[in-house]
Amino acid sequence: MNETVNTALLSIIDRINHPLWDALVIFLLFVGIFYTVITKAVQIRLFFHSFTIMRNSRSNSKEQHSISSFQAFVTGLSSRVGVGNLAGVAIAIAIGGPGAVFWMWVTALLGMSSAFIESTLAQLFKIRDPDSKQFRGGPAYYITQGLKNKTFGVVFAISLIFTYGFVFNSVQINAIVSASSHSWGWDKTNPVFNIGGYPIEISWLGLVLVALVAIAIFGGIKRIAKFAEMFVPLKAGLYLLLALYIIISNYAIVPDIIKLIFTEAFEFKAAAGGFFGSMISITLLQGIKRGLYSNEAGMGSAPNAAAAADVKHPVNQGLIQMLGVFVDTMVVCTCTALIILISGVYHDAGFIGVELTQRALETQVGAWGGDLLAILLFLFCYSAVLGNYAYAESNVQFINNSPKLMFIFRLIVLAMVYFGAVSSVPLIWNMADMFMGVMAVINLTAILLLTPFARTLLKDYTEQLKRGIKQPEFKIDKYPELKKKVDSDIW
């Protein structure tokens with residue numbers, strides 16, 4: 001991309017991001033603490049119970065046209081576990097220092113409660129698509145039904161389409177191209193021909209990635225769910241095994257690394273710009289930004305996958321999606337952070353994003369480590385693109401389920417895939433911060449207003465557990481006021 005255009009776009013986006021994130025940092029922490037308190041720490045209290053639900057959800061759904069609870073979980077995880085775990089953590093440490101990892105943990109722990117609330121609401125207010133017979137839902141649906149505000153629902157749907165359908169996919173593709181360039185010297189762009197003395201450059205890797213994404217996105221949510229069910233555990237397992245080997249090999253210094261994370265978390269380094277810029281630590285800011293990008297808790301993305309599952313009680317899927325936040329940040333992101341901090345390469349100038357993670361791996365296992373990460377990153381990012389697309393497609397259908405509109409939407413998705421292949425790392429990530437910030441503000445406001453519904457569902461579920469019912473079922477007829485709000489006969 002032209003350097004002048006890149007700089008101009010960065011300047012505009014920065015002017016939006018500074019005040020947006022000053023306010024959002026406080027809002028995110030408030031909502032996470034609020035839900036932790038009113039649910040009596042559901043993320044801790046029912047943590048082990050959620051594993052039992054996960055184990056039972058592996059069986060196929062009885063609904064022919066729906067996906068299983070486990071498939072919905074891994075579809076959500078396929079979007080969560082991606083470039084945020086590999087490049088996002090590296091950016092947080094490079095800019096905010098080791099202490100940023102602590103704030104990623106805080107964001108995840110508090111965010112698990114927000115993730116529980118939003119996915120539970122998505123299940124309650126889901127609908128059955130009249131054409132495909134599949135379940136559909138998410139924030140756009142619970143805003144429209146629960147708050148009786150279609151306009152607010154459409155605004156959220158548009159923000160998600162731009163965030164996940166367009167910008168986040170560009171971030172994933174940008175990481176694939178950066179990793180390939182570092183490992184194998186594949187340039188982002190190559191001159192192909194001249195027009196009036198100006199070289200026209202083409203990214204051949206970008207075109208290949210466009211083709212691979214095109215093949216997948218014309219297959220629908222069922223194909224995406226099956227792909228995610230197969231590959232998400234495999235790619236995550238391979239990466240975690242590699243991380244475990246490095247951590248065990250350097251076990252003697254791991255306690256010092258953990259101590260460093262905690263001590264630097266509270267060292268104040270003012271974030272530049274913004275109304276509260278002088279009061280917010282850049283360490284805290286980077287930890288929360290990159291934590292939110294990675295685990296998506298409270299953003300309103302995972303509920304779109306959660307709503308597609310066939311479950312007996314809305315709380316079931318809320319608990320399962322809550323686990324996704326834990327796996328993403330407390331497990332995968334922590335592994336990346338330990339690899340980078342053990343290597344010490346985060347002190348080196350010139351490395352940022354996935355290239356920093358590759359460099360860290362290379363210092364621990366040799367040059368093949370960077371190559372392996374490039375391959376794993378492709379699997380991470382490719383499945384993340386498909387998960388992102390599934391979220392966006394559901395929201396396009398919410399606005400207007402027109403085949404012509406869907407076709408145009410898919411073409412724009414492919415255009416943004418190519419844009420990600422040729423753009424700079426700072427521009428892509430700053431765009432992601434802006435769009436996910438807007439989306440999070442809308443969704444967090446909505447779920448706060450819908451809190452009474454989620455509390456009713458959680459109370460109903462826990463009361464059944466206390467009576468010894470191992471698999472609680474939700475009967476909406478017991479709650480006439482709630483039934484008036486739900487526009488379906490699913491429950």
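Modeller: Let us start with terms: helices (DSSP H or I, at least four residues) and strands (DSSP E, at least two residues) are runs numbered from the N terminus. In this predicted model, the secondary structure comes to 20 helices and four strands. Local features need pLDDT of at least 70 and side-chain atom pairs count only at pLDDT 80 or more, while totals for chains, interfaces and linings use all residues. Residues are numbered from 1 along each chain as its sequence is written, and side-chain values use heavy atoms, with hydrogens and water left out.

Biologist: How many residues of the protein count as buried?

Modeller: Buried means under 20% relative accessible area, exposed over 50%, and partly exposed in between (1.4 Å probe, protein chains only). Of the 491 residues here, 60% count as buried. The protein exposes about 19200 Å², and carbon and sulfur atoms supply 65% of that area (Shrake-Rupley method, 1.4 Å probe).

Biologist: And which contacts hold residues from far along the sequence?

Modeller: A contact means heavy atoms within 4.5 Å. Among contacts in the protein with a separation of 6 or more, residues 24 or more positions apart account for 81%.

Biologist: How do I read the length of a helix, say helix 16?

Modeller: Compare its reach with the expected span, which is 1.5 Å times one less than its number of residues. Helix 16 (residues 367-399) has 33 residues and reaches 48 Å from its first C-alpha to its last, close to the 48 Å expected. The same test on helix 17 (residues 403-422) gives 28 Å expected for 20 residues, and its end C-alpha atoms are 30 Å apart, which agrees.

Biologist: Are those two helices mostly covered or exposed? And what covers helix 17?

Modeller: Helix 16 is mostly covered, with 25 of its 33 residues buried. In helix 17 the buried residues include Met406, Phe409, Arg410, Val413 and Leu414. Their cover includes helix 8 (150-184), helix 9, helix 16 and helix 18 (425-449). Ile217, in helix 9 (residues 204-217), gives a close-up of this region. Ile217 is buried, at a relative accessible area of 0%. Beyond its neighbours within four places in sequence, Ile217 is in contact with Leu386, Tyr389, Arg410, Val413 and Leu414. Ile217 and Arg410 are 193 residues apart along the chain, yet their C-alpha atoms are separated by 7.6 Å.

Biologist: What about a short helix such as helix 7?

Modeller: Eight of the eight residues of helix 7 (residues 139-146) are buried, among them Pro139, Tyr141, Tyr142 and Gln145.

Biologist: At what angle do helices 14 and 19 cross?

Modeller: Axes are lines fitted to C-alpha atoms, for helices over the stretch in contact, with angles from 0 to 180 degrees between N-to-C directions. The axes of helix 14 (residues 314-343) and helix 19 (residues 451-466) come within 9 Å and cross at roughly 100°. That makes helix 14 roughly perpendicular to helix 19 (under 35 degrees is roughly parallel, over 145 roughly antiparallel, 65 to 115 roughly perpendicular, the rest oblique). Pro314, Val315, Asn316 and Leu319 of helix 14 meet Leu457, Leu458 and Tyr461 of helix 19. The residues of this contact divide into six nonpolar, one polar and no charged (nonpolar: Ala, Val, Leu, Ile, Met, Phe, Trp, Tyr, Cys and Pro; charged: Asp, Glu, Lys and Arg; polar: the others, Gly among them).

Biologist: Where does helix 3 pack on helix 14, and at what angle?

Modeller: Helix 3 (residues 47-56) and helix 14 pack at about 110°, with their axes 9 Å apart. That makes helix 3 roughly perpendicular to helix 14. The contact is made by residues including Phe47, Phe51 and Met54 of helix 3 and Asn316, Leu319 and Phe326 of helix 14. It divides into nine nonpolar, three polar and no charged residues.

Biologist: Last one: what should I make of a positive phi in Lys40 and Ala41?

Modeller: Most residues other than glycine have a negative phi. Lys40 has a phi near 55°, and so does Ala41. Lys40 lies in the loop between helix 1 (3-38) and helix 2 (42-45), as does Ala41. Lys40 counts as exposed at 64% relative accessibility, whereas Ala41 counts as buried at 18%. Another positive phi, also near 55°, belongs to Lys148, which follows helix 7.
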